[in-house]
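Me: I would like to learn how to read the features of a protein model, step by step. Could we go through one together, with the general idea before each case?

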Amino acid sequence: PLNSLDNPKEPQHTTMTDVFDDTITNKSSDSKDDDTKMNLTSNALRPFIIISTSYLLFTITDGAIRMIVLMHAYNLNFSALEVAIMFSFYELAGVFTNLAAGLVGAKWGIKFTLV
C-alpha cells in the first residue's frame, strides 16, 4: 500500500485514486506532508502519463504509415478495390496476431508474452 514513511498513522491507500483523492481533499498546514502527498500523486500518475503519451505517438505514426502505404499503392497504379483488399488483409492479420498474443499471455503470462 502507498503511504507516507514519515507518518505511520497516515491512512493506508490501496489504489492510485485513493492517493489522488486524499491529496486533493486534505489540505494540511504542514508543508512536509503536502510535499509527500504530492510526490505520491506524481509517482502514481507517472505510469499513466508514460503509457498515454506512448499510445498517442503510436496512433500518430500508425496513421502516417497507413497514408504512406496508400500513397505508394496509388503511385504503383493499384485500383481502389486492390488497396481496400490489401488493408483488409492487414487488419485481418492484426486480428489473428492479437488473438495469438492473448492466448500466449493467458497460458504463460504477460511477462513471457512481452519479453
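**Reading a helical model**

Reply: Let us begin at the surface, in what is a predicted model: Leu81, Ile85, Phe89, Leu92, Val95, Phe96, Leu99 and Leu103 together make a nonpolar surface patch of about 850 Å².

Me: Where is Phe96 found, and is Phe96 buried or exposed?

Reply: Phe96 is found in helix H3, which runs over residues 80–108. A residue counts as exposed when its relative accessible area is over 50%, and Phe96, with a value of 53%, is therefore exposed.

Me: What span should the 29 residues of H3 have, and how far apart are its end C-alpha atoms?

Reply: The idea is to allow 1.5 Å a residue, which gives an expected span of 42 Å for H3, and the C-alpha atoms at its two ends are 42 Å apart, so the two values agree. After H3 comes Gly109, which has a positive phi near 100 degrees.

Me: Which residue other than glycine has a positive phi, and where is that residue found?

Reply: As a general idea, most residues other than glycine have a negative phi. In this structure, Asn77 has a positive phi, near 65 degrees, although Asn77 is not a glycine. Asn77 is found in the loop between helix H2, residues 31–75, and H3, and with a relative accessible area of 68% Asn77 is exposed.

Me: How many salt bridges does the structure hold, and which residues form them?

Reply: In general, side chains of opposite charge can pair when their charged atoms come close. The structure holds two salt bridges. In one of them, Arg66 pairs with Asp62, and their closest N and O atoms are 3.2 Å apart. Arg66 and Asp62 are four residues apart in helix H2, so about one helical turn separates them. Arg66 is also paired with Glu91, with the closest N and O atoms 2.7 Å apart. This second pair links distant parts of the chain, since Glu91 lies in helix H3 and Arg66 in helix H2, with their positions 25 residues apart in the numbering. Through shared partners, the salt bridges join Asp62, Arg66 and Glu91 into one network.

Me: Which of Asp62, Arg66 and Glu91 are buried, and which are partly exposed?

Reply: Buried means a relative accessible area under 20%, and Asp62, at 19%, is therefore buried. Arg66 counts as partly exposed at 28% relative accessibility, and Glu91 is likewise partly exposed, at 38%.

Me: How many helices and strands are there in the chain, and how many of its residues count as buried?

Reply: The chain has four helices and zero strands, and its pattern, read along the sequence, is α-α-α-α. Of its 115 residues, 12% count as buried. The chain exposes about 9,400 Å², and 69% of this area is supplied by carbon and sulfur atoms. Among contacts with a separation of 6 or more, 24% come from residues 24 or more positions apart.

Me: Which element has the lowest mean pLDDT, and which has the highest?

Reply: The general caution is that, where pLDDT is low, the predicted coordinates should not be read in detail. Helix H1, residues 16–25, has the lowest mean pLDDT among the elements of the chain, at 55, whereas H3 has the highest, at 94. Over the chain, pLDDT averages 79, and 65% of the residues score at least 70.

Definitions and conventions. Residues numbered from 1 in each chain as written. Predicted model: local features only at pLDDT ≥ 70, side-chain atom pairs only at ≥ 80, totals over all residues. Heavy atoms only, no water. Patch = residues over 30% accessible without salt bridge, like charges linked within 9 Å, V, L, I, M, F, W, Y side chains within 5 Å. Areas by Shrake-Rupley, 256 points an atom, 1.4 Å probe, with all protein chains shown as cover. Salt bridge = Lys/Arg side-chain N within 4 Å of Asp/Glu carboxyl O. Buried < 20%, exposed > 50% of the residue type's maximum accessible area, 1.4 Å probe, protein only. Expected span 1.5 Å × (residues − 1). Contact = heavy atoms within 4.5 Å. pLDDT = per-residue confidence, 0-100.
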